Amino acid sequence: METGRRMNDVYLLLVVFGGFFIFGLSENIRGPAILPIQGEFGLGESQIGFLLAINSLGYLIACSFTAFLARKIGIRPTVVAAFLAMVLSGWLIGLSANFAFLATSFFLLYIGNGMLEIGLGIVAARIFTKNTGTMMNMTHFFYGFGSMVAPVSAAYAMTLEIGSAGELGWRGMFPLLLSLSLLPIVPALLGRAPGDRSDKGKRVSLRAMASDPSAWLIVGMLTFGVVSEMSVGSWLVYYLENVYRWDTERASGMLSLFFLIFMLARLVLGPVTDRIGYTRSVMLFSAFAGLCGLAAVFLGEPAAFLFALAGLGMAPIYPTVMAILAKRYARGLDTAITFTVTLLGIGNVAGNMIIGYIIEWHSLQTGYTTIALLALVCSALSFALLLRLKRRREEV
């Protein structure tokens, strides 16, 4: 009995770690393919923007129904369906004959991605009942690893030659790499679906979440922290090129250093979050990230390394907030994750648009100052949550 339980835990770990690796890979292989897709279909920038926007829409739609689907058919079939949707989308992208077909195929990919994030989040929170912060950060390390290797893998796959057919190109790259989504299906089918392993926590409905001030503070923490994190990936290279006149290679190297620090921080800081508390960890790490960003802007080029060092503080935010949800809403986890991640998606779209307008209407320095301030807002909301939970003797 004990051996069987251990093997089941191994299968579930393979699903979660492998699934998050595939998730990171699938979200970031499109970069090298955008230019050849644009050239083949004769797309303008507005059409590329529409393609990216419909991805976000598919992701948000998936986040809204995945928890309901998991309750109806089970978490394991839901995760398997997500992987299959990603595999199918890869082949459909490769077969796209026009822009409408291509956009629909990408929409399906991000439906799969949204289902996968919610599904894997539920599985992870159910099996990581001990050292939750450590294990959540480890899980998201695999997402970061998949994200890091994705552009290189995509660019390499596009140059592979298959007999007399020539290079795979983007049409061959998507089905090839997204077919890797089949691999985690094997342990998913071998393992047993995890149930709630705790009788503690609150079994909640969406209405209860919406009326809980703590839930809104958690949404705010996650949204401001993630918008700040993702804005670095969007704007750091552009900032260094235009403000410091760095060449693209040097500026890209600084962004790579940011992601390296970010990825390693998720690997090593998890135990710290377990030791000092999850809410306090988010407060301290997001404050560190925000102060690094502000210092980098105001001290100028000699302090540019602080842009990369900010990744140390940004990395634990998302997985540690997931640990907060897992502990606080142990018996209403699917609802809690759906509520939080769906609102995060809406806030992420709005936040990135606002930062873009600030940069356009004011300056890059003002925009990047805003990015750093968002991390400080995350810290302030974490402090507010910490005080509220202490008063109610519910600290996590």
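This note goes through the pocket and cavities of a predicted model.

1. Because the model is predicted, local features need pLDDT of at least 70 and side-chain atom pairs count only at pLDDT 80 or more, while totals for chains, interfaces and linings use all residues. Residues are numbered from 1 along each chain as its sequence is written, and side-chain values use heavy atoms, with hydrogens and water left out.

2. The largest pocket (an open set of points on a 1 Å grid over the protein atoms alone, with protein on both sides within 12 Å along at least five of seven lines) holds about 2,300 Å³ of space, a volume being the space filled by probe spheres set on points joined across faces, edges and corners. Its lining, meaning residues with an atom within 4 Å of a point, comprises 48 residues, and E27, N28, R30, M230 and S234 lie nearest the centre.

3. Among the helices (DSSP runs of H or I, at least four residues, numbered from the N terminus), α3 (45-73) is one of those supplying at least two residues of the pocket lining, and α3 gives the largest share, nine residues.

4. Three cavities of 30 Å³ or more are found in the whole structure, a cavity being a set of points where a 1.4 Å probe fits but cannot get out. The largest cavity holds about 80 Å³, and its lining includes L12, V15, R76 and R192, with the largest share, three residues, coming from α4.

5. The second largest cavity has a volume of about 70 Å³; F20, E117, H140 and Y318 are among the residues lining that cavity, to which α5 gives the most, with four residues.
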